[in-house]
Amino acid sequence: MKIYAHRGYSAKYPENTLAAFCATAMLPIEGVEFDVHLTTDSRVVVIHDEKIDRTSNGSGYVKDMTLNELRQYDYGSWFSKEFAGEAIPTLAEVLEVFKDTHHHINIELKSDVFVYAGMEEMVLSEVKAQGMLDRVVISSFDHEAVNRISKLAPDVENAALFVNMILDVAKYQEKLPAKALHVSLPTAVRKPVLDAISEGSIVRVWTVNETKYLEPLLHIGVDAIFTDEPEKMLEYLTKR
Ligand code: G3P
Ligand code: CA
């Protein structure tokens, strides 16, 4: 079972910052996950929420600000003074961190609240520019975006995100089409997911921060977990 650092190494570092990604890049784990939004001047930036309020000293929607405006704020101090001055990263900057590592990169398109016209094309073009198309999985709760990725780049891995499960998810996955399913932890044990795994679907599970869940997930046969605690999970899986 593979380990992906969720929002970078977000238990120890401010989420979705270069500090978190540089720490992740040093870890012998398989992957990293982060979230992207689009600025008003069409730059792909890495941040979880639609607004910058929770993870910076600023306020407002990412979609209403330019990259320069977003760069005025501090995205590290809310987590710890030690990280004061962390900037909001662009997708290109984060890809650069992992350019020479072995990590698989999960880019989550946060287009389920606001429509970010053209974001799929922009993300694909930035990944292509870094020569990393074979090392990414592009996921979203917005299944129209997942479908658009499959049309724009049929060979690039895409994944549909689920908070709750639907009946016959394997058939849905085939129709979308999506190459993988990313499901919430409570959803991982639902019958449609178990059926999908037995039919060969790649299933990855978020957010797994306690080792007590690892044996059941290993038993189910999930491909990977997303965790804020990659070292804790790695220690358990290595020693077992
Ligand atoms: O991509 C898996 C997981 O990150 C989805 O939830 O809210 O942490 O982006 P969230
Ligand atoms: Ca995410």
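Helices here are DSSP runs of at least four residues, numbered from the N terminus. That is how α7, the helix just before Gly200, gets its name. The model itself is predicted, not determined by experiment.

Let's start with the whole chain. The protein chain has 9 helices and 9 strands. Its radius of gyration comes out at 17 Å, close to the 18 Å that the globule rule gives for 240 residues, so the chain is as compact as a globular protein of that length. Laid along the principal axes, the C-alpha atoms fill a box of roughly 50 × 40 × 30 Å. Buried residues account for 45% of the 240 residues. Take the contacts between residues at least 6 apart in sequence: 53% of them join residues at least 24 apart.

An unreviewed UniProt entry lists residues 1–237 as "domain: GP-PDE". Over that stretch the chain is 30% helix and 20% strand, and the C-alpha atoms at its two ends sit 8 Å apart.

Two helices show how burial can play out. In helix α1 (residues 18–25), 6 of the 8 residues are buried, so the rest of the structure largely encloses this helix. The buried residues are Leu18, Ala19, Ala20, Phe21, Thr24 and Ala25. Their cover includes the strands β1 (2–6) and β2 (31–38), along with helix α3 (91–98).

Helix α7 (residues 191–198) has Pro192, Val193 and Ala196 as its buried residues. Looking down the axis of α7, these buried residues fall within an arc of 100 degrees, so they line one face of the helix. There is a handy bit of background here: an α-helix has 3.6 residues a turn, so residues three or four places apart point the same way. The buried residues of α7 pack against α6 (169–175) and two strands, β7 (180–184) and β8 (202–206). On the face turned away from the buried side, α7 carries the exposed residues Lys191 and Ser198. Just after α7 comes Gly200, with a positive phi of about 105 degrees.

That leaves the ligand. Ligand 1 is surrounded by His6, Glu33, Asp35, His48, Glu108, Ser139, Leu161, His182, Trp206 and Phe226. Sorted by class, this shell has 3 nonpolar, 4 polar and 3 charged residues. Some of these neighbours belong to strands already mentioned: His6 lies in β1 (2–6), Glu33 and Asp35 lie in β2 (31–38), His182 lies in β7 (180–184), and Trp206 lies in β8 (202–206).

Notes: Residues numbered from 1 in each chain as written. Chains lettered and ligands numbered in written order. Predicted model: local features only at pLDDT ≥ 70, side-chain atom pairs only at ≥ 80, totals over all residues. Near = placed C-beta within 6 Å. Nonpolar A, V, L, I, M, F, W, Y, C, P; charged D, E, K, R; others polar. Buried ≥ 20, exposed ≤ 12 C-beta atoms within 10 Å, placed from the backbone. Arc of directions from axis to C-beta. Contact = placed C-beta atoms within 7 Å. UniProt positions renumbered as here; feature names shortened; annotations may be inferred. Rg over C-alpha atoms; globule rule 2.2 N^0.38 Å.
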